[in-house]
Amino acid sequence: MKRMLSGIKPTGQLTLGNYIGALRNFVKYQDDYEMIVFIANLHCITEYQDPEELRRNLTDAVALYIACGLDPKKATIFLQTDVHAHAELGYIMACNTYLGELNRMTQFKDKSQKGEKNMTAGLYTYPCLMAADILLYDANYVPVGEDQKQHVELTRDLAQRFNNKYGDTFVVPEPLIAQVGARIMSLSDPSKKMSKSEESNKGCIYLLDDLKAARKKIMSAVTDSIGIIQLDKENQPGLYNLIEIGSALTGRSMEDIVKEFEGQGYGKLKGFVADAVCDELAMIQERYNQIIESRQIEEVLSDGAARASAIADKTLENVKKKIGLEIKYQ
Ligand code: AMP
Ligand code: TRP
């Protein structure tokens, strides 16, 4: 069975973008692949997080993974810091990454061009840690949203470089990007990605949003004054985004949805998308509440960490041996 690995960085509450672009796909794949998913808590602290809030977000993320349909018996679910090999291989990967490569990473470039002050060294070397996350597990595929593709591509370069220098060590992974929903846009500004770090809350739906609030966000989503329901991503990005959300959640094609609502007002289409979103959220939230009450999270994580460590520790030992970091005692 081929292995698949992915992670989510819960710097805030998980969003509909996370669900459509990433989580939902993990669930789809768990029957056909050996699935490893983790909570990327080390990645969270590249920027300051309030400790209480962070702790809550981590717990919620695990509960939401399961509530969205990940089965802890099938998938290995764990917290990044519970497996020490991540930080250690992350450092080793940083020693095999060139500054030029990190300077080219758009996530970092965007932030520094915006003139953000006090950017941390952790944020800069984040892609090295992400490469370690993936390479520790010999993952064949990495299902992610569009924004993470560049990081997986760097991981491939680093794996190949290491293999060339030290001999065959790492499996070279491939990014897996869904056809529909790989980049869900903000409802209040469809030129931006729907993101938990958005300043105003209006453009982002959180998986734990009150259903009424979620519906309101969809109904007041920014569209355009063209007034025709069609697929024109460039001139009607808000409308396109709504149709994409509707398609991703109902499994119907975007064209099919356009056909149904052609010639009608945007309000009708928004109502359809709001129904699809609220149905999905209601199901997720019901399961989320059961999981929080059942107190199974601790057990899932300790089980997951044991399974993950068994794989990761072996890879790290092998890497250290290849590099010459170990002293052999006779
Ligand atoms: P993050 O929240 O940045 O840790 O992202 C976790 C996963 O969700 C990654 O695979 C992202 O690519 C994906 N993701 C985040 N935001 C979106 C979005 N607006 N649309 C689609 N995928 C997303
Ligand atoms: N960087 C990813 C994000 O922000 C999260 C992540 C960390 C990840 N390590 C990973 C995703 C390894 C896939 C594989 O979304």
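Helices (H or I, at least four residues) and strands (E, at least two residues) are taken here as DSSP runs, numbered from the N terminus. The structure is a predicted model, in which local features need pLDDT of at least 70 and side-chain atom pairs count only at pLDDT 80 or more, whereas totals for chains, interfaces and linings use all residues. Residues are numbered from 1 along each chain as its sequence is written, chains are lettered from A and ligands numbered from 1 in the order in which they are written, and side-chain values use heavy atoms, with hydrogens and water left out.

The protein is divided into domain 1, residues 3–177 together with 295–323, and domain 2, residues 201–289, the bounds coming from an automatic or database domain assignment. The C-alpha centres of domain 1 and domain 2 are 30 Å apart, and the contact between them (heavy atoms within 4.5 Å) involves 15 residues of domain 1 and 13 residues of domain 2. About 1,300 Å² is buried between the two domains, with carbon and sulfur atoms giving 73% of this area; buried area is the accessible area (1.4 Å probe) that two parts lose on being put together, summed over both. On the side of domain 1, Leu16, Tyr19 and Ala67 lose the most area to domain 2, together 41% of what that side buries.

Ligand 1 is surrounded by 17 residues, of which Lys9, Gly145, Asp147, Ile184 and Lys196 come nearest, a residue being counted if one of its heavy atoms lies within 4 Å. Helix H1 (residues 16–29) supplies the largest share of this shell, four residues. Polar contacts (pairs of N or O atoms within 3.5 Å) include one of 2.9 Å between a polar side-chain atom of Asn18 and an oxygen atom of ligand 1, and one of 2.8 Å between a backbone N or O atom of Gly145 and an oxygen atom of ligand 1. Taken alone, ligand 1 exposes 480 Å², of which the protein buries 95%, accessible areas being obtained by the Shrake-Rupley method with a 1.4 Å probe.

Around ligand 2 there are 14 residues, the closest being Gly7, Tyr126, Met130, Asp133 and Gln148. Nitrogen atoms of ligand 2 lie 2.4 Å from a polar side-chain atom of Tyr126, 2.7 Å from a side-chain N or O atom of Asp133 and 3.1 Å from a polar side-chain atom of Gln148. The protein covers 92% of the 360 Å² of accessible area that ligand 2 has on its own. Strand E1 (3–8) and helix H7 (121–135) are the elements that give two or more residues to this shell, and H7 gives the most, with four residues.

Methods. Polar contact = N/O pair within 3.5 Å; in protein donor to acceptor, adjacent residues only side chain to side chain.
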